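Trainee: I am new to this protein and would like a close look at one small part of it. Please start there and then show me what surrounds that part.

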Amino acid sequence: MAETEPTQQPSSGATDLVPAARPNPPVESLPSLKRQHTPPPAIEPQTHDGQPYHFQLENLDRSLRAATARMTGGISPYAMASAWLDWSAHMMSSPGRRTELTFMASQQYVKLARFASGCMMGTHPEPPFHPRTGDRRFTGPEWQRMPHCLSAQAFLAVEEWWDMATAPMRGIEPKHAERVRFLAHQALDLIAPTNSLFSNPKLLDRTLAEGGRNLARGAMNLMDDLGRDMTGEPPASSTRYVVGRDLAATPGEVIFRNELFELIQYAPATGQVSAEPILIVPAWIMKYYILDLSAHNSLVRYLVGEGHTVFMMSWKNPTAADRDLALDDYRTHGIMAALDAVSRVLREAAGQPSPQAHEGGGPEPKIHLAGYCLGGTLSAIAAATMARDCDKRLASVTLLAGQTDFSAAGELMLFVDESQIAFLEDMMWDQGVLSAGQMAGAFRALRSNDLIWSKITRQYMLGERDEANDLVAWNEDPTRMPYRMHSQYLRGLFLENRLSAGRFAVEGRVIALKDIEVPMFIVGTETDHIAPWQSVYKTHLFTDAQVTFALTKGGHNAGIVSEPGHPGRYFRLSTREPGDLYVEPETWKARAEFHEGSWWPQWSAWLKARSSPRPVTPPLSGAPADGLPPLVAAPGTYVYQR
């Protein structure tokens, strides 16, 4: 078979993220199926429109898979089918497990019968089955009445049985067992008694009390949501919060812009500031203003008020035209470009307007680097690369719910294997991006009770609208992910876990997290289902620097947006010095110092302790003499892209 033209390879180290045997984003060539040791005579390949037929057939396959992926929300039916096949085959060959499940079902039947008889006799027996932690569907006095208490108990009994049935068996792939359990719970959530008007006592009581008006309101809510979805309009609740007025309203100016991000420099709120500024790198899977919500819970506004100079990256929302943006582009044209711009601002403030003037002068200006979620992962990569290349500009590194090891990356791992990633790649290859709706679908599926079925019940049956708040409005302003970058991220980090395994290369050379020498502040959140705190904590294993770890109450977003004065907040904190022995996560949690309130003041104090002791006059906005004049007032222009 004659050679096809070579495919384009990723630039600036991106080839190290994708195995050479699987060139990723271009279409792979089909393998040559040779059956002889002596190659046959060269034959010119048949072509159509200048392309070999096998190339076009591969494109046909990918297009068909992409069409299937759009119908399944990006979930690979092949991955799910293989999980069911693995589970059922092992179940068929495990008569002991089947006998155990049969015995368990008979016990549950007896318990239900005793419970039902006690309820009918009016003795109010103790329910034999209990919801899982965090499941609030069957709370409330209405669920204690017959026959609703019996339907709830029957559902919980079936749920408990399936938990047992999908427990790992000897020989089964653990991920397959988890997937079967996930799919079983998805099916059970669909038929839960809470989802039906006739089996949900709260719905029945409301419908009778209002004469069905709640159902009429629910129908109007449904029509409104469907209409907005079809026309691309944002949900009605999000229109109550306006970006630049209610959200992302901390004063500042955009001082730098390229094809990937805008850099915002926030106006000082104090007469003197710490000499070392903070550069915040948000995830491009979300709009940056999760860290600059309303005035009372804006992390940016709080830091500025504490005497810090803050710079924020506002990422562009990519379109299909940005399909070839690579993961390393977000480092080179993103973080490194932002660090260069901040350095120019600091040099001009110090009277050193150019790098040439700086050489032979005072020390290099220092910057605190802080990354959130995916921005934290990229910040760790950038910091390790800078350490390798002897770039000494960092004063510290902060990771906010940012993972560096993906071996236990939470419930999202249910969607990560070769079949699933290839399926997603074909969909993104066809579209150019992973759309916001497709991305949100996976997150909603992980919490279907809270994000799907309870919403349907509340808004379309009870006729109630969710109360608008800033976090909900931010969540309804999603972003997209470019094809090439997301494919490299899923393969290099999630699937192959190259960063912590010592196989992640940047610009052709492997980087190591242990090269980072500056102090690190790492925040994990207790109920994070995207970046579990135990996974975030694993950074201790791969670094030798001083690490201060904070474990805060809340989830992936609410645990970070944890402003002072927020009721019920708490966190645990301790510092590992270089040379200290490793402590596993649960032991650390039991030993760490417990604090009431927000972790923000602790982080601010930590930053100041690692900054110059003498405050300075706040730098002017931008560096006009060095070609960085202010461009536009914050929040800039990229934040408005939909």
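Which residues does Arg388 touch, not counting residues up to four places away in sequence?

Mentor: Happy to start there. This is a predicted model, in which local features need pLDDT of at least 70 and side-chain atom pairs count only at pLDDT 80 or more, while totals for chains, interfaces and linings use all residues. Residues are numbered from 1 along each chain as its sequence is written, and side-chain values use heavy atoms, with hydrogens and water left out.

With residues up to four places away in sequence set aside, Arg388 touches Val506, Glu507, Arg509, Val510, Ile511 and Asp515; contact here means heavy atoms within 4.5 Å. Arg388 belongs to helix 11, which covers residues 374–388. Helices (H or I, at least four residues) and strands (E, at least two) are DSSP runs, numbered from the N terminus. Arg388 counts as buried because its relative accessibility is 14%; buried means under 20% relative accessible area, exposed over 50%, and partly exposed in between (1.4 Å probe, protein chains only). The side chains of Arg388 and Asp389 are joined by a polar contact of 2.9 Å. Such a contact is a pair of N or O atoms within 3.5 Å; within protein, one must be able to donate a hydrogen and the other to accept it, and residues adjacent in sequence count only if both atoms are side-chain atoms.

One of the residues touched by Arg388 is Glu507. Glu507 sits in the loop between strand 11 (505–506) and strand 12 (509–510). Its phi is near 55°, a positive value in a residue other than glycine. Glu507 counts as partly exposed because its relative accessibility is 45%.

Now step back to the helix that holds Arg388. Helix 11 lies across strand 5, strand 7 and strand 8, and runs at about 140° to strand 7. Axes are lines fitted to C-alpha atoms, for helices over the stretch in contact, and angles run from 0 to 180 degrees between N-to-C directions. In the loop between strand 7 and helix 11 you will find Cys373, another residue other than glycine with a positive phi, near 60°. Cys373 counts as buried because its relative accessibility is 14%.

Those strands lead us to the sheet. Here 11 strands form an open sheet with mixed pairing, in the order 16-15-14-13-8-7-5-6-4-3-17; two strands pair if DSSP finds at least two bridges between them. Strand 16 (593–596) and strand 17 (632–633) stand at the edges with a single partner strand each, so one side of each is left without a neighbour in the sheet. Helix 9 packs on the sheet too, touching strand 3 (252–257), strand 4 (261–266), strand 5 (278–281), strand 6 (310–315), strand 7 (367–372) and strand 8 (394–400). The direction of helix 9 makes about 30° with that of strand 4.

Further along the sheet order, strand 14 (residues 547–552) is a good stop: 6 of its 6 residues are buried. In a regular strand, side chains alternate between the two faces of the sheet. In strand 14, both faces are covered, with Val547, Phe549 and Leu551 on one side and Thr548, Ala550 and Thr552 on the other. Strand 13 (residues 520–525) runs parallel to strand 14, joined by 6 bridges, and Met520 has Val547 as its bridge partner. Strand 15 (residues 570–576) pairs with strand 14 in the antiparallel sense, also over 6 bridges, with Arg576 opposite Val547. Strand 15 then pairs with strand 16 in the antiparallel sense over 4 bridges, where Phe571 stands opposite His595.

Last comes the packing inside. The largest nonpolar core holds 128 residues, of which Leu263 and Leu279 touch the most other members; helix 9 (residues 327–349) gives the most to this core, with 11 residues. A nonpolar core is a set of buried Ala, Val, Leu, Ile, Met, Phe, Trp, Tyr and Cys residues joined through side-chain atoms within 4.5 Å. Among the residues that Leu279 touches are Leu263, Phe311, Ile335 and Leu369.
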